[in-house]
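Hi everyone, thanks for making time this morning. I'd like to walk you through one model, piece by piece, so please have it open in front of you.

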Amino acid sequence: MDSIIEDVQIRKILDSRGNPTVEVDVITWNGFGRAAAPSGASTGSREVVSFPEGGVDAILSEAEDIIYSELIGMDAEDIVTIDEILREVDGTENLSAIGGNTTVAVSMAVAKAAASSYNLPLYKYLGGNFVNELPFPLGNMMNGGAHAGINAPDIQEFLVVPVGANNIVEAVFANSSVHKRLKELIQTKDSNFTGGKGDEGGWVPNITNDAALEIQAQACEEVGDELGIEIRPSLDMASSELWDADEGKYVYAQDGIKRDTGDQIEFVKDIIETYNMFYVEDPFDESDFDGFAQLTAKVGDKCLICGDDLFVTNKEILAKGIEMNAANAIIIKPNQIGSLSETYATVKLAKENNVVPVVSHRSGETTDATIAHLAVGLGSPMIKTGAIGGERIAKLNELIRIEEELPNARMATF
């Protein structure tokens, strides 16, 4: 009886871009769970629909009939059945009737309520008593592309990961230090820089892609030397945003260059080797499994080649990628697939096939810290959640708290 759902509440709240999203409360006889759904700017075409026509308000007006009546009286522990019921209630393949953001917020809130019913944190409820590893934070340092203005670099995210950090506190403050150093370095390249930031807290410089790559590597080296730990540069290229299907080329407007798939392979390979990249996300269009596979074959032992728009946290699509050796890492965003149980299934398949799961935020975030618990509980060795900003540090500070609770806590292994 402890975890029987007694009440469900859904409300409209702000995300970090000032847009509406949903927050869900689930109350059991002996527990409480709250979760909010984020939203993305650069999204994969195969993601589930965030909200139905009419947006958040449409959900609020129908929630009592389509959600409350189904969930009240169910056991919050039965998360798989609840997720299946939400899909049945929606009745569409892409969750366009009630929205993937709605279903994932409900799903995560239910899981948190189940954990709370037994006085457990979510990470321990999901991962068990032997969980003791913290994920390395993948921090966003500079923004370009869809997250920035017209004069910013074409590459969407310039990231860093403190691979030499000994604990999560050292890791998150290393990222913060690189972020600060980059502001100083940008000012030497861009005399008009005003300190502007993108959606995820990264600086938005008016410089070329090459200049951004150079100062990113410089900041990693300088801060790493000062702190005595290795910090590696990484990228999210968001190449679906660069791809021009009519021309069959990737268009780098800032540099005035167009690259076909072969050129793109060599371009990314050269970046990885020149700057000692640790991780490169979405280096090709979301439909180009072959391009991913060719790059992974060339540099997969040196760098994580990660699919986000390629896989959209979808188990079936990931299975195709595994068969083609298309990538050796996958971004995990629960709202891309719509439920916690489907997210778990994708993570499980990835880990069984040596594909590194990277639990990730979205560009339009909330202060909900659930993904910090998912990264620990699901055994993700990396978490992509920015470096600064209230909605980003909510996750990072939660990881610091989790580390204090873990017996024999240590950083993850790859």
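Let's start with a pair of strands: β13, residues 329-332, pairs with β14 in the parallel sense, over 4 bridges. If you want to find the register by eye, look for Ile 331, which stands opposite Val 358 in β14. Before I go further, please keep in mind that this is a predicted model.

Now, β14 has a second partner. Strand β15, residues 382-384, is joined to β14 by 3 bridges, and these two run parallel. Here the pair to look for is Val 359, whose bridge partner in β15 is Ile 383. As a general reminder, strands of a sheet pair through backbone hydrogen bonds, either parallel or antiparallel.

So how many residues of β14 are buried? The count is 5 of 5, so the strand is mostly covered, taking buried as under 20% relative accessible area. Turn the view and you'll see the two faces: Val 356, Val 358 and Ser 360 point one way, while Pro 357 and Val 359 point the other way, and all of them are buried.

Let me stay with Ser 360 for a moment, which has its place in β14, residues 356-360. Its relative accessibility is 4%, and that is why it counts as buried. What does Ser 360 touch, once we set aside its neighbours within four places in sequence? The contacts are Ile 331, Ile 332, Lys 333, Ile 371 and Lys 384.

One of those contacts, Ile 371, takes us to the next element, because it is among the buried residues of helix α12. That helix spans residues 370-377 and is mostly covered, with 8 of its 8 residues buried. Besides Ile 371, the buried set includes Thr 370, His 373 and Gly 377. Just after α12 there is a backbone detail to look at: Gly 379 takes a positive phi of about 70°.

What does α12 pack against? Its neighbour here is helix α13, residues 390-405, at an angle of about 50° and with the axes 8 Å apart. The two helices are therefore oblique to each other, and their crossing is right-handed. On the α12 side the residues are Ile 371, Ala 372, His 373 and Val 376, and they meet Lys 395, Glu 398, Leu 399 and Ile 402 in α13. By type, the residues of this contact divide into 5 nonpolar, 1 polar and 2 charged. Note that Ile 371 appears in this contact and also touches Ser 360.

If we carry on past α13, we come to Asn 408, in the loop between α13 and β16, which is 410-411. Asn 408 has a positive phi of about 55° although it is not a glycine. Is Asn 408 buried or exposed? At 65% relative accessibility, it counts as exposed.

There's another non-glycine residue with a positive phi, and that is Ala 238, near 45°. Ala 238 lies in the loop between β7, 232-236, and β8. At 2% relative accessibility, Ala 238 counts as buried.

And β8 brings us to a second bit of sheet. This is an open sheet of 3 strands in the order β8-β9-β10, with antiparallel pairing. At the edges stand β8, 243-244, and β10, 257-259, each with a single partner strand, so one side of each is left without a neighbour in the sheet. Between β9, residues 249-252, and β10 there are 3 bridges. Tyr 252 is the residue to click on, standing opposite Ile 257 in β10.

One more helix pair for comparison. The axes of α9, residues 315-324, and α11, residues 340-352, come within 9 Å and cross at roughly 15°. These two are therefore roughly parallel to each other, and α9 passes α11 in a right-handed crossing. The contact is made by Lys 315, Leu 318, Ala 319 and Ile 322 of α9 together with Ala 345, Thr 346, Leu 349 and Ala 350 of α11. Those residues divide into 6 nonpolar, 1 polar and 1 charged.

Last stop: Ile 72, in the loop between α1, 55-71, and α2, 79-90. At 40% relative accessibility, Ile 72 counts as partly exposed. Leaving out residues up to four places away in sequence, Ile 72 touches Ile 5, Glu 6 and Asp 7.

That's my tour, and I'm happy to go back to any view you'd like to see again.

Conventions
Residues numbered from 1 in each chain as written. Predicted model: local features only at pLDDT ≥ 70, side-chain atom pairs only at ≥ 80, totals over all residues. Heavy atoms only, no water. Axes fitted to C-alpha atoms, helices over the stretch in contact; angles between N-to-C directions. Parallel < 35°, antiparallel > 145°, perpendicular 65-115°, else oblique. Left-handed = near helix turned anticlockwise from the far one by under 90°. Contact = heavy atoms within 4.5 Å. Nonpolar A, V, L, I, M, F, W, Y, C, P; charged D, E, K, R; others polar. Pairing = 2+ DSSP bridges. Buried < 20%, exposed > 50% of the residue type's maximum accessible area, 1.4 Å probe, protein only.
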